[in-house]
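User: I have a protein model open and would like to learn how to read it. Can we go through it step by step?

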Amino acid sequence: MLFRHIRMDGDCVGATKGLKRILQLTYPEKRIVLSDGQKSDYLAFLGPDDEPVADDLCRSALGIVIDVSEQTRISNPQYALCRELIKIDHHIEADPFGTLSWVEDWRSSACEMIAAFYAAFRDRLRIDGQAATYIYAGMVTDSGRFRFEGVNGDTLRLAAVMLDQGIDMETLYANLYLIDPRILNFKAYVYQHVHYTENGVAYLYVDRAMKREYSLNTETAGDTISYLEGIRGCLCWLAFIEGDTDEDGIRVRLRSRFMTVNELASRHHGGGHACASGATVYSQEEMRTLITEADQAVKEFKESHTGWL
Ligand code: AMP
């Protein structure tokens, strides 16, 4: 059985679907299940997952958890029933688990690890264009189209191995990056209402009213973070997304360039990568505290470093 994280993204979907397909092609007699009930409009083009399975089946299964650093973020609780568990992840190790653990936090995506797994055992594994498309989709999305830290020669060599399987790039990129006109209006709103702190943090709070006004779900509201990227002098940018209920708190997406943000995230019920982290705050006051901390971190970074842009 394959497992991934809550609030699924292109990487955990691509890695689980890609590995599932490789294993299914290689071992057609085995039953391989990927079912956590999560849905994503954005990733629907990659196709549906399996139907839920009974707990009994899990007790004799091998579980493979991909792209999740902490057990609390695994989307399907049935992982805990599996007879053996393998962890495959590219996040900084916060919560070691699994009978076997393969963690390489310098990798640009979990999909890169699946591609590396395929490349290492290619004489024994089978792959096709569909599996490669899943894996390539995750590599592209998690690395910001091969731009982010962590991308190196190995990343591009492994991407090439996937491309060699025959990927329809035009369709894949259209599915990943075309924008709905309705969302374009929201994007315009973001640019008109972004706030800046004194030292260079760009941030926006998307509340429930705004989500209703622009017909946003948690996923499309979360895209705010990518609209805030690339503002000169703003080394850190934050998107605060109010949850659907008060208990959900306010989801925080943190991004940075040159400096790191994961320590900041870990102070507010979160964590993640050096320059891409997530957190949750539970009041407007905590939100203001986080903004102040981010502003202070940018100030200290700018004072002690040169060459940032
Ligand atoms: P996000 O902004 O939600 O896409 O998160 C960016 C990165 O931080 C992802 O790689 C997540 O796995 C990680 N992350 C997000 N939220 C949390 C959290 N609450 N705890 C630990 N890591 C997180």
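The turns below go from the whole chain to one sheet and then to one residue.

User: What kind of model is this, and how many helices and strands does the protein have?
Analyst: This is a predicted model. Both kinds of element occur in it: the protein has 12 helices and 10 strands.

User: Why is the protein described as being as compact as a globular protein of that length?
Analyst: Start with the rule. For 309 residues, the globule rule gives 19 Å. The protein comes close to that value, so it is as compact as a globular protein of that length: its radius of gyration is 20 Å.

User: What share of the 309 residues is buried?
Analyst: A residue counts as buried when its relative accessible area is under 20%. Residues that meet this cut-off make up a share of the 309 residues equal to 50%.

User: What share of the contacts joins residues at least 24 apart?
Analyst: Take the contacts between residues at least 6 apart in sequence. Among these, the share that joins residues at least 24 apart is 61%.

User: Which strands are the edge strands of the open sheet of 6 strands?
Analyst: The order is S5-S6-S7-S8-S10-S9, and the pairing is mixed. An edge strand here pairs on one side only. That holds for S5 (195–196) and S9 (271–272).

User: In which sense do S9 and S10 pair, and which residue is the bridge partner of Gly272?
Analyst: S10 covers residues 276–281. S9 and S10 pair over 2 bridges, in the antiparallel sense. In S10, the bridge partner of Gly272 is Ser277.

User: Which strands does helix H12 lie across, and what is its angle to S7?
Analyst: Helix H12 spans residues 284–304. It lies across S6 (201–206), S7 (236–242), S8 (250–256) and S10. Relative to S7, H12 runs at about 170°.

User: Where does Arg4 lie, and is it buried or exposed?
Analyst: Arg4 lies in the loop between strand S1 (2–3) and helix H1 (10–26). Its relative accessible area is 1%. Buried means under 20%, and exposed means over 50%. Therefore Arg4 is buried.

User: Which side chains make polar contacts with the side chain of Arg4?
Analyst: Arg4 touches several residues beyond four places away in sequence, including Cys12, Leu34, Ile66 and Arg73. Asp36 and Asp49 are also among them. The side chains of Arg4 and Asp36 are joined by a polar contact of 3.0 Å. At 2.5 Å, the side chain of Arg4 makes a polar contact with that of Asp49. The names asked for are Asp36 and Asp49.

Definitions and conventions:
Residues numbered from 1 in each chain as written. Predicted model: local features only at pLDDT ≥ 70, side-chain atom pairs only at ≥ 80, totals over all residues. Heavy atoms only, no water. Pairing = 2+ DSSP bridges. Helix = DSSP H or I, 4+ residues; strand = E, 2+ residues; numbered from the N terminus. Contact = heavy atoms within 4.5 Å. Axes fitted to C-alpha atoms, helices over the stretch in contact; angles between N-to-C directions. Rg over C-alpha atoms; globule rule 2.2 N^0.38 Å. Buried < 20%, exposed > 50% of the residue type's maximum accessible area, 1.4 Å probe, protein only. Polar contact = N/O pair within 3.5 Å; in protein donor to acceptor, adjacent residues only side chain to side chain.
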